[in-house]
Amino acid sequence: MRTTLTIDDDIIKKLKMIGHRTGQPFKTVVNQALRAGISNNRIASQARPYRTRPVSMGEVLGAHSLDQALRLADVLENEELVRKMQLRK
């Protein structure tokens, strides 16, 4: 399968040196290096399952329900605008 990869210059140099030294084509050297890396399984063994722990955020303050957060934001914004307008009187 053909694909396009961006490989760092230092890695390309090493792969080409291996190919020149062994007489193998670049494609073969790259595939062997990838196979060796995958079979070594260093990356997979370092990965840990991602877990989150639920944490209580406390109770909702005020008479607003957080089930509809956008509506709550509108209500709070409107209350603040009314408060600011009353201060200007």
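Before you click anything, one cut-off: a residue is called buried under 20% relative accessible area, exposed over 50%, and partly exposed in between. Keep in mind too that you're looking at a predicted model.

**Stop 1: I12.** Select I12 and you land in helix α1, which covers residues 9–22. Its relative accessibility is 23%, so I12 falls in the partly exposed class. Now show what touches I12: setting aside neighbours within four places in sequence, you'll find I7 and F26 in contact with it. Next, draw a distance from I12 to V30. The pair sits 18 residues apart in sequence, and the C-alpha atoms are 9.0 Å apart in space.

**Stop 2: the largest pocket.** Keep I7, F26 and V30 selected, since they're among the residues lining the largest pocket. Add M1, R2, T3, T4, L5, K27, N31 and L34 to complete the lining. The pocket holds about 310 Å³ of space. Colour the lining by class and you get six nonpolar, three polar and two charged residues.

**Stop 3: the salt bridge.** How many salt bridges does a search of the whole structure find? Just one. To see the salt bridge, select E80 and R83, whose closest N and O atoms are 2.6 Å apart. Both residues belong to helix α4 (residues 69–87), and because they are three residues apart there, about one helical turn separates them. Finish by checking the accessibility of each partner: E80 is partly exposed at 31% relative accessible area, and R83 is also partly exposed, at 41%.

Terms used:
Residues numbered from 1 in each chain as written. Predicted model: local features only at pLDDT ≥ 70, side-chain atom pairs only at ≥ 80, totals over all residues. Heavy atoms only, no water. 1 Å grid on protein atoms, 1.4 Å probe; cavity = no way out; pocket = protein on both sides within 12 Å on 5 of 7 lines; lining within 4 Å. Points joined across faces, edges and corners; volume = space filled by probe spheres on them. Nonpolar A, V, L, I, M, F, W, Y, C, P; charged D, E, K, R; others polar. Helix = DSSP H or I, 4+ residues; strand = E, 2+ residues; numbered from the N terminus. Buried < 20%, exposed > 50% of the residue type's maximum accessible area, 1.4 Å probe, protein only. Contact = heavy atoms within 4.5 Å. Salt bridge = Lys/Arg side-chain N within 4 Å of Asp/Glu carboxyl O.
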